[in-house]
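Open the model in a viewer and keep the sequence panel beside it. The stops below are given in the order in which to select them.

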Amino acid sequence: MAVSPAREVAFDVLRKVEAGGYASDLLLSRSMGMDSRDAGLASAIVFGVLRYQAQLDYLIEHYSRRKGRLDPEVRIALQMGIYQLRYLERIPRHAAVAESVESVKRARKHSAAGLVNAVLRKVNRDPVAWPNREVELSCPEWMLARWERNFGAEAATAIARAALAEPVEYTRGGRIQDIGSQSIVPLMRLEPGQSFLDLCAAPGNKTAQALESGVRAIACDFHHRRIAQMKSITPNLVVLDGTRPLPFARPFDRILVDAPCSGTGTLGRNPEIKWRLTPGDLADLQGRQMALLANARAALSAGGLLVYSTCSLEPEENEAVVESVPRPLVIESMRRIPGRDAGDGFMAAVIKASWPL
């Protein structure tokens with residue numbers, strides 16, 4: 001039988017995410033020209049499977065009564081089928097089962113077709129006793145434990161539950177921009193005519209927001225492809241590595257360092273982060289973040305302000321980086337926590353100039 005475009009795309013995207021791709025980018029490229037309903041279903045399946053991955057893997061064992069590793073294609077087909085049958089509404093049961101079986105066959109795993117069919121025919125919506133909170137909240141235990149240490153048990157649970165929900169879509173100036181992201185630029189106290197540097201600018205939402213204040217902006221990013229996508233926002237684009245000394249001859253009145261980070265404040269939007277990030281990654285990220293902040297401070301004019309921000313919840317990427325700046329120079333800080341505050345999680349610190357450094 002044929003596999004619907006939505007399920008075909010979802011299966012293909014999840015296989016590529018397994019290999020290291022990013023769901024949002026893959027869905028964007030694959031959904032061009034698709035019917036809006038098919039694109040919507042493909043997105044719902046992909047993000048649902050990634051958000052609830054731990055629950056789905058447990059349910060595979062629960063319904064199959066067997067443990068052991070499965071080939072990625074077989075596991076993905078079962079995750080997709082169980083997610084549709086248990087978590088989505090108005091999905092025809094026969095379509096979810098039959099097309100999952102067909103997806104396995106198309107992936108040349110014919111010997112597993114019987115297993116997929118048998119497991120999915122057992123799936124129902126009866127309550128399940130989850131074995132632990134890692135499975136119940138579909139979040140790695142090490143993440144939950146550190147959030148509990150840093151924010152308390154109730155907040156840790158709320159963060160994990162918020163990551164299971166589909167994010168609310170916020171817009172600004174016709175662009176999709178999370179409400180948490182929108183909270184960063186106002187901290188800079190921008191005024192018309194000021195020189196403004198956005199050191200890690202792509203995809204450009206904060207640059208566009210800053211331009212509303214009448215600043216003279218230069219937007220930078222390490223990746224040429226990402227910076228090229230900002231041509232409609234500003235012509236003043238520079239490809240550079242901000243961890244190296246900056247090439248600008250004149251200092252800037254305002255600088256934004258929205259640093260590349262682990263993204264643990266965006267797990268509802270980027271759920272694959274939960275399953276890829278390791279504690280060791282945080283130290284590597286911190287090194288880059290501290291270099292970005294130091295180079296940005298060196299480019300700040302006397303009397304200027306710099307905002308350092310991340311969409312991370314982790315102190316290694318936030319407080320530990322900001323602590324590299326002398327305390328009197330940090331004049332304000334802000335934190336948004338998923339489950340407590342609307343939108344993604346963010347941390348930001350406002351830093352005034354110290355000249356000479």
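Select Glu73 and show what surrounds it: apart from its neighbours within four places in sequence, Glu73 is in contact (heavy atoms within 4.5 Å) with Phe11, Arg15, Val104, Ala107 and Lys109. Glu73 is part of helix 5; helices here are DSSP runs of H or I with at least four residues, strands are runs of E with at least two, and both are numbered from the N terminus. With a relative accessible area of 16%, Glu73 is buried; buried means under 20% relative accessible area, exposed over 50%, and partly exposed in between, with a 1.4 Å probe and protein chains only.

This is a predicted model, in which local features need pLDDT of at least 70 and side-chain atom pairs count only at pLDDT 80 or more, while totals for chains, interfaces and linings use all residues. Residues are numbered from 1 along each chain as its sequence is written, and side-chain values use heavy atoms, with hydrogens and water left out.

**Helix 5 and its two partners**

Two packed helices are described by the angle between their axes and the distance between the axes. The axes are lines fitted to C-alpha atoms, for helices over the stretch in contact, and angles run from 0 to 180 degrees between N-to-C directions.

Select residues 5-18 (helix 1) together with residues 72-87 (helix 5): their axes come within 10 Å and cross at roughly 130°. Helix 1 and helix 5 are therefore oblique to each other; angles under 35 degrees count as roughly parallel, over 145 as roughly antiparallel, 65 to 115 as roughly perpendicular and the rest as oblique. The crossing of helix 1 with helix 5 is right-handed, meaning that the near helix is turned clockwise from the far one by less than a right angle. On the helix 1 side, show Arg7, Ala10, Phe11, Leu14, Arg15 and Glu18; they meet Pro72, Glu73, Arg75, Ile76, Ala77, Met80 and Gln84 in helix 5. This contact has seven nonpolar, one polar and five charged residues. Ala, Val, Leu, Ile, Met, Phe, Trp, Tyr, Cys and Pro count as nonpolar, Asp, Glu, Lys and Arg as charged, and the others, Gly among them, as polar.

Keep helix 5 and add residues 53-64, which form helix 4: the axes of these two helices are 9 Å apart, at an angle of about 95°. Helix 4 and helix 5 are therefore roughly perpendicular to each other. From helix 4, Gln53, Gln55, Leu56, Asp57, Leu59, Ile60 and Tyr63 meet Arg75, Leu78, Gln79, Ile82, Tyr83, Arg86 and Tyr87 of helix 5. Here the residues divide into eight nonpolar, three polar and three charged.

**Two loop residues with positive phi**

Go to Arg65 in the loop between helix 4 and helix 5. Its phi is near 60°, a positive value in a residue other than glycine, and Arg65 is exposed at 67% relative accessibility.

Next select Arg108, in the loop between helix 6 (93-106) and helix 7 (113-120). Arg108 is not a glycine either, yet has a positive phi of about 65°; its relative accessible area is 74%, which makes it exposed.

**The sheet**

Now show the strands of the open sheet: there are seven, in the order 5-4-3-6-7-9-8, with mixed pairing. Two strands pair if DSSP finds at least two bridges between them. Strand 5 (237-239) and strand 8 (330-336) are the edge strands, each pairing on one side only. Direction ignored, neighbouring strands are turned by 15° against each other on average.

At one edge, strand 4 (residues 216-221) runs parallel to strand 5 and is joined to it by three bridges; Ala219 has Leu237 as its partner. Then add helix 15 (residues 279-298), which packs on the sheet and touches strand 6 (252-258), strand 7 (300-310) and strand 9 (346-352); its direction makes about 160° with that of strand 7.

How many of the eleven residues of strand 7 are buried? Nine are, so strand 7 is largely enclosed by the rest of the structure. Strand 7 pairs with strand 6 in the parallel sense over six bridges, where Ile255 is partnered by Leu306. Strand 7 and strand 9 run antiparallel and are joined by six bridges; Tyr308 stands opposite Ala349.

**Last stop**

Select Ala202 and Pro203, which are joined by a cis peptide bond with omega about 10°. Pro203 is in the loop between strand 3 (195-198) and helix 12 (205-211).
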